[in-house]
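This report introduces a structure to a reader who has not met it before. Please look over the sequence and the model shown here before reading on.

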Amino acid sequence: MDMLWNGWGDPARATSLPDTVTGLLRDLLGVRPPEAEPLALEDIDVPARPLAPAAHRALAAALGDAAHVRTDAETRVRHTRGKSTPDLLRIREGDVSAVPAAVLLPAGHDEVLAVLRVCAEHGLPVVPFGGGTSVVGGLAPARHGAFVALDLRRMDRLLDLDPVSRTATLQPGLRAPRAEALLAEHGFTLGHFPQSYEWATIGGFAATRSSGQASAGYGRFDEMVLSLTLATPEGTLDTGRAPRSAAGPDLRQLVLGSEGAFGVITSVTVRVRPVPRTRVYEGWNFPSFAQGATALRRLAQDGPRPTVLRLSDETETLIGLAQPDAIGSGTPPSAGCTAVAGYEGTEEDTAYRREHAAAVLRECGGTPLGEEPGRRWADGRYSAPYLRDALLDAGAFVETLETATFWSRVPELYAAVRDALTATLTEAGTPPLVMCHISHVYENGASLYFTVVSAQGEDAVAHWTRAKHAANEAILTAGGTISHHHGVGTDHRDWYVREAGPLGIDALRAVKRRLDPAGLLNPGVLLPAD
């Protein structure tokens, strides 16, 4: 099944806003329904960008069948940009200026290599495409002329499973739910559950350094990767042959987070763990965001660490976004801040960690809310993007951004980003509601995840671009990283250049020149195009 072309996920799961929420948006933020209906796919004027006949023939030969070179308008539109709010607003208005000339469907590593060689020969830029869930411009190359999207959906197998070493080798086009199902047949789980879980792919997780909602227990995806294979126009790069090594710099880290700029990931070997025997999620309330953050820091540093650990600030708790599927249900929100702690594992281990973590949470001012808030969070953990579509339909603008920093800088970073977003959007005439939660915790710091809701105004994309730039500046000034788990894309690229520094960027450019001499791989994503 393909994702909704102008929204998120399964079209059958599209939802609408309750009247209470629509009224709140109208009264609080001045949100009004759009005057025009979104365009239907068949009404979009898709620009013709035919491949040169020689290139078309060569690509068909590389893929073994002309049917795997798709040039029909619908397939091309479905591979245009990603799923950020600006992406969706543009495509709803019929802006498909970033549409690929063709969509290619390789079946394996050798076909990817062959395609890259053909593209290099014919000067065709290549955008690797997994689940299409990027929200930072990761699928919008700098060159909007003829380029191709390399859709990896046919590379969707579990290649190997080693139960003794607890490792699995997966192809990049394997969607996360299918990967979990295949592993579960052998009694294992990857434990990687980001909000994009239902549609994102293994290759995308690696290419963006994804972090799942259970990262407190399972770790980030880049921590799970033991080895990977990269196809480039210059050949194959194999990295990793042991769990740890002192044999020089770790080349895996060069590929992880490279976002298709250095090559196409064609297989990933990851560590897996036994499927947990029990899963328990519970809610806690804290009088303030500061007190809740202290509790999370205590658990992250001194333990016992839950598998899932997150904290919504006062505004997010008040609106109910800590439990997206409960918004508008009439259930009165709790005052203060809601935290969710989840425990997965054996019955004995789960009971031990839950009991001792509860003592820390209480000591820091937390009040237990029982398992219902935890269950509601778990049941609705993938529903927020559907809620965003409903908000767009109602005339609201909603977008997210995230960052991370050390614990001592969390209060400053939190305030700086909120102030930047509020000031910029208010000045634009669309005063926002800014919410935040701590989404991932580490011994030394945490990630802050912001959600912004406002009226769309006359030019929602322009308003958001100014606000996003202001937030990016605030992040760097306050000592945060420009992205914790969404990636760099084109949205963060210029700030990533500043974060990495001139020498660091020159080193990465040198790598790209060696692996991609013509600069055809996802041009302008991660690194500025030459």
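## Terms and basis

Two strands are taken to pair if DSSP finds at least two bridges between them. The model described here is a predicted one.

## The sheet

Four strands come together in an open sheet, where their order is 1-2-4-3 and the pairing is mixed. The edges are held by strand 1, residues 69-70, and strand 3, residues 126-129, each of which pairs on one side only. Strand 1 is joined by two bridges to strand 2, residues 102-104, and these two strands run antiparallel. Within this pairing, R70 stands opposite V103 of strand 2.

Helix 5, made of residues 109-122, packs on the sheet and touches strand 2, strand 3 and strand 4, the last of these being residues 148-151. The direction of helix 5 makes about 175° with that of strand 4.

## A pair of helices

Further along the chain, how do helix 17 and helix 18 cross? The axes of helix 17, residues 460-477, and helix 18, residues 493-500, come within 11 Å and cross at roughly 15°. Because angles under 35 degrees count as roughly parallel, helix 17 is roughly parallel to helix 18. The crossing in which helix 17 passes helix 18 is right-handed.

Helix 17 contributes H469, N472, E473 and L476 to the contact, while helix 18 contributes W495, R498 and E499. By character, the residues of this contact between helix 17 and helix 18 divide into two nonpolar, two polar and three charged.

Definitions and conventions. Residues numbered from 1 in each chain as written. Predicted model: local features only at pLDDT ≥ 70, side-chain atom pairs only at ≥ 80, totals over all residues. Heavy atoms only, no water. Contact = heavy atoms within 4.5 Å. Axes fitted to C-alpha atoms, helices over the stretch in contact; angles between N-to-C directions. Parallel < 35°, antiparallel > 145°, perpendicular 65-115°, else oblique. Left-handed = near helix turned anticlockwise from the far one by under 90°. Nonpolar A, V, L, I, M, F, W, Y, C, P; charged D, E, K, R; others polar.
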